[in-house]
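Hello,

Here is the structure I promised to pass on to you. Please have a look at it first, and then read on for my notes.

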Amino acid sequence: MTNSLRCTLAAAAILAAAHSPAAETAYRVPPENVFPALGAPSHPKVEIAWNRYYDVDGLNGFLRALAAAHPDFARVVKVGESHQGREILALEVTNYKVGDPATKPAMYIDGNIHGNEVQAGEVVLHTAWYLLEMRENVERVGQLLDNSVFYLLPSINPDGRDYWFDNPNNPHTSRGGQIPTDNDLDGLVDEDGPEDLDGDGQITQMRRRTPFGTHKPDPQFPDRLMVRVGPDERGEFEVLGTEGIDNDGDGEVNEDGPGGYDPNRNWAWDWQPEGVQGGAHRYPFSLPETRAVRDYVLARPNIAAAQSYHNAGGMILSGPGREGAVVHDGDASLYKLIGERGEQMLPAYDYLITWKDLYTVWGGELEWFYGGLGILCYTNELWSNDNLHRTPDPDANARMRFVRDVLLDQGFTAWTTHTHPQYGEVEVGGTHATFGRVPPSFLLEEEMHRNTVFTLFHAEQMPRLSIGEVAVERLGRGLSRVRADIVNDGLTPTRLQQDVENKITPANSATITGRGLKVLASGIVTDRDHGRVDFQHDRPERLRVDAVPGNGRVTVEFIVSGDGKGTLRFEAMKGGLAEKEFEVE
């Protein structure tokens with residue numbers, strides 16, 4: 001484990017100890033000396049330092065601490081276990097004293113499906129913490145917890161996360177999980193991964209001096225960066241890739257490290273095998289982690305919105321993942337509306353469509369949520385180089401200027417000479433695993449807060465159902481007409497077009513109950529002015545409604561016999577329920 005990561009984990013241990021009785025004598029700032037800042041609770045029940053990263057035990061420890069501190073609002077649920085036996089936990093957050101959680105629209109939020117994309121876990125943890133600690137300070141947060149449920153899973157690839165913490169890595173390694181995999185098809189598994197040749201706890205780059213090289217020192221940073229030479233030049237160096245040796249003697253270096261598959265290519269929508277989609281693994285949900293998440297999500301059909309956090313690049317991604325895949329027009333408009341609001345809340349981010357603006361993804365989680373379940377889902381690629389350094393002409397050197405001027409040279413290992421068993425004398429150096437894809441400490445909390453509130457904005461757009469005035473009209477001969485508007489104040493319809501077109505979930509339903517009432521006919525009012533009604537030809541006691549549109553209404557009508565008190569009830573699997581009493585006199 002590197003020194004920097006040891007310090008991170010030690011800090012997590014100190015924080016955990018701060019909640020134990022033995023730590024009561026430790027110095028703490030008295031509450032009267034704390035001035036509350038906007039966006040944070042003045043006296044949180046669970047104190048978490050947001051300027052560092054936590055391993056899986058650290059994340060899970062905080063989930064349990066939050067549930068213990070807020071017993072009426074949070075519960076820990078075990079989703080499953082990883083290949084190496086680490087727990088995958090969810091924190092379920094709602095006001096358990098208001099309504100049945102199973103009947104409230106829910107938002108699913110996860111992170112860290114790629115092991116090296118660690119700040120994704122902190123963003124999900126921060127979202128849980130913010131909901132619980134700010135519910136009494138921010139009216140909109142309290143309303144969200146009264147009316148909806150949040151299912152929060154900080155790390156759905158705990159093996160990959162802890163491997164990134166506990167071993168030398170670069171910003172891009174430990175992306176997958178830790179199931180041994182034969183990446184180079186030589187009959188061996190995980191036999192040729194990177195090595196930390198210079199012992200600095202990082203996997204950086206190797207280069208070798210040669211008069212026929214492809215690269216030369218960068219004029220602005222000659223001791224740190226290299227640039228490719230032009231076609232009429234000879235360089236001073238050839239780039240040999242990341243630190244490591246040829247362990248299996250096949251003439252390649254670092255071609256078969258731990259794992260090697262991609263958990264975000266293992267979902268059962270538009271899945272393709274390895275020959276088409278690298279990292280897909282054997283078949284959809286062949287990984288214990290994706291399988292556990294699948295089972296957890298399918299057991300919660302009230303999920304109406306979803307968010308998955310990755311890094312990096314400053315992107316708010318929506319589907320589809322491939323050219324030719326369908327996102328229905330109404331769903332696409334909603335995707336765009338929420339995504340463009342996100343651009344305003346996340347100034348360095350761009351709203352993009354995955355296949356069109358980034359690359360093709362087969363079998364992605366984002367696509368499974370929309371295509372397979374009819375749920376609007378975003379993937380946010382956390383962190384952008386636009387946050388680094390203001391330059392007249394943005395270029396790749398902005399990152400190195402940031403290291404030099406803002407980090408005061410932290411995050412970079414100077415080039416040093418080493419003897420390599422295959423390459424001879426090489427130089428090793430470059431940027432660290434903790435820089436490039438993840439924010440430095442002082443920018444982490446801003447990244448978390450902005451993404452948290454974007455997610456909460458999406459949650460606010462889930463269906464919010466109510467029933468307008470119930471109008472009762474006597475028709476004679478013991479019959480009455482009962483008519484009412486079913487109103488949705490959220491921007492998300494109670495079923496997306498993808499759901500309705502493919503009958504993913506049952507239609508919404510409207511029913512009338514009452515001891516003295518009997519439903520004889522029911523239908524949907526299609527023209528209020530001219531009294532046109534599309535009557536249902538079977539089972540009038542349960543009126544089927546495809547969906548209540550976002551920021552809209554559906555007017556239902558029942559013909560009933562009898563009199564007395566009744567209850568009009570509207571149920572939507574992803575939209576919750578609404579009830580209203582009335583009386584036929």
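**Two cis peptide bonds**

Let me begin in a loop: Ala-312 sits in the one that connects strand S9 (303–311) with strand S10 (315–318). The peptide bond leading from Asn-311 into Ala-312 is cis, and its omega is near 5°. Please keep in mind here that this is a predicted model. Another cis peptide bond links Gly-319 to Pro-320, with omega about 5°. Pro-320 belongs to the loop between S10 and helix H7 (329–345).

**Positive phi in a loop**

While we are on backbone geometry, have a look at the loop between helix H5 (158–166) and strand S5 (205–213), where you will find Ser-174. Although Ser-174 is not a glycine, its phi is positive, at about 65°. Is Ser-174 buried or exposed? It counts as buried, with a relative accessibility of 10%.

Asp-190 is also found in the loop between H5 and S5. Its phi is positive too, near 55°, and this residue is likewise not a glycine. With a relative accessible area of 26%, Asp-190 is partly exposed.

**The chain as a whole**

Stepping back, the chain has 12 helices and 24 strands. Its C-alpha trace spans about 100 × 60 × 50 Å along the principal axes. There are 585 residues in the chain, and 52% of them count as buried. Taking the contacts with a separation of 6 or more, 73% are between residues 24 or more positions apart.

**The nonpolar cores**

Which residues have the most contacts inside the largest nonpolar core? They are Leu-91, Val-93, Tyr-108, Phe-150, Leu-153, Val-297 and Phe-369, in a core of 87 residues. Helix H3 (residues 119–134) supplies the largest share of this core, with 10 residues. A separate core of 23 residues lies apart from it, and includes Ala-484, Ile-486, Ala-572 and Phe-582.

Leu-91 is worth clicking on. Beyond its neighbours within four places in sequence, Leu-91 is in contact with a set of residues that includes Leu-63, Leu-66, Ala-67, Ala-74 and Val-76. Ala-128, Leu-132, Phe-150, Tyr-151 and Leu-152 are also among the contacts of Leu-91.

**Helix H4 and its two sides**

In helix H4 (residues 139–147), the buried residues are Val-141, Gly-142, Leu-144 and Leu-145. Looking down the axis of H4, these buried residues fall within an arc of 160°, so they line one face of the helix. Glu-139 and Arg-140, on the other side of H4, are exposed. What do the buried residues of H4 pack against? Their partners are strand S2 (87–93), H3, strand S4 (149–153) and helix H11 (441–460).

**Two helix crossings**

H3 and H11 also meet each other: their axes come within 9 Å and cross at roughly 60°. This crossing of H3 and H11 is right-handed. From H3, the contact uses Gln-119, Glu-122, Val-123, His-126, Thr-127, Tyr-130 and Leu-131, which meet Leu-444, Met-448, His-449, Asn-451, Thr-452 and Leu-456 of H11. By type, the residues of this contact between H3 and H11 are six nonpolar, six polar and one charged.

The other pair to look at is helix H6 (residues 288–298) with helix H9 (residues 365–373), whose axes come within 13 Å and cross at roughly 40°. H6 passes H9 in a right-handed crossing. Arg-294, Val-297 and Leu-298 of H6 make the contact with Trp-368, Phe-369 and Leu-373 of H9. In this contact of H6 with H9, five residues are nonpolar, none is polar and one is charged. Val-297 and Phe-369 also appear among the residues with the most contacts inside the largest nonpolar core.

**Phe-570**

Last, please look at Phe-570, in strand S23 (residues 564–572). Phe-570 is buried, with a relative accessible area of 0%. Leaving out residues up to four places away in sequence, Phe-570 touches Leu-465, Ile-467, Ile-486, Asn-508, Ser-509, Ala-510, Val-545, Val-548, Gly-576, Leu-577 and Ala-578. Of these, Ile-467 is 103 residues from Phe-570 in sequence, with 8.2 Å between their C-alpha atoms. Ile-486, another residue that Phe-570 touches, is one of the members of the 23-residue core.

Best wishes

Technical notes
Residues are numbered from 1 along each chain as its sequence is written. This is a predicted model: local features need pLDDT of at least 70, side-chain atom pairs count only at pLDDT 80 or more; totals for chains, interfaces and linings use all residues. Side-chain values use heavy atoms; hydrogens and water are left out. A nonpolar core is a set of buried Ala, Val, Leu, Ile, Met, Phe, Trp, Tyr and Cys residues joined through side-chain atoms within 4.5 Å. Buried means under 20% relative accessible area, exposed over 50%, partly exposed in between (1.4 Å probe, protein chains only). Helices (H or I, at least four residues) and strands (E, at least two) are DSSP runs, numbered from the N terminus. Contact means heavy atoms within 4.5 Å. The arc is that of the directions from the helix axis to the C-beta atoms. Axes are lines fitted to C-alpha atoms, for helices over the stretch in contact, and angles run from 0 to 180 degrees between N-to-C directions. A crossing is left-handed if the near helix is turned anticlockwise from the far one by less than a right angle, and right-handed if clockwise. Ala, Val, Leu, Ile, Met, Phe, Trp, Tyr, Cys and Pro count as nonpolar, Asp, Glu, Lys and Arg as charged, and the others, Gly among them, as polar.
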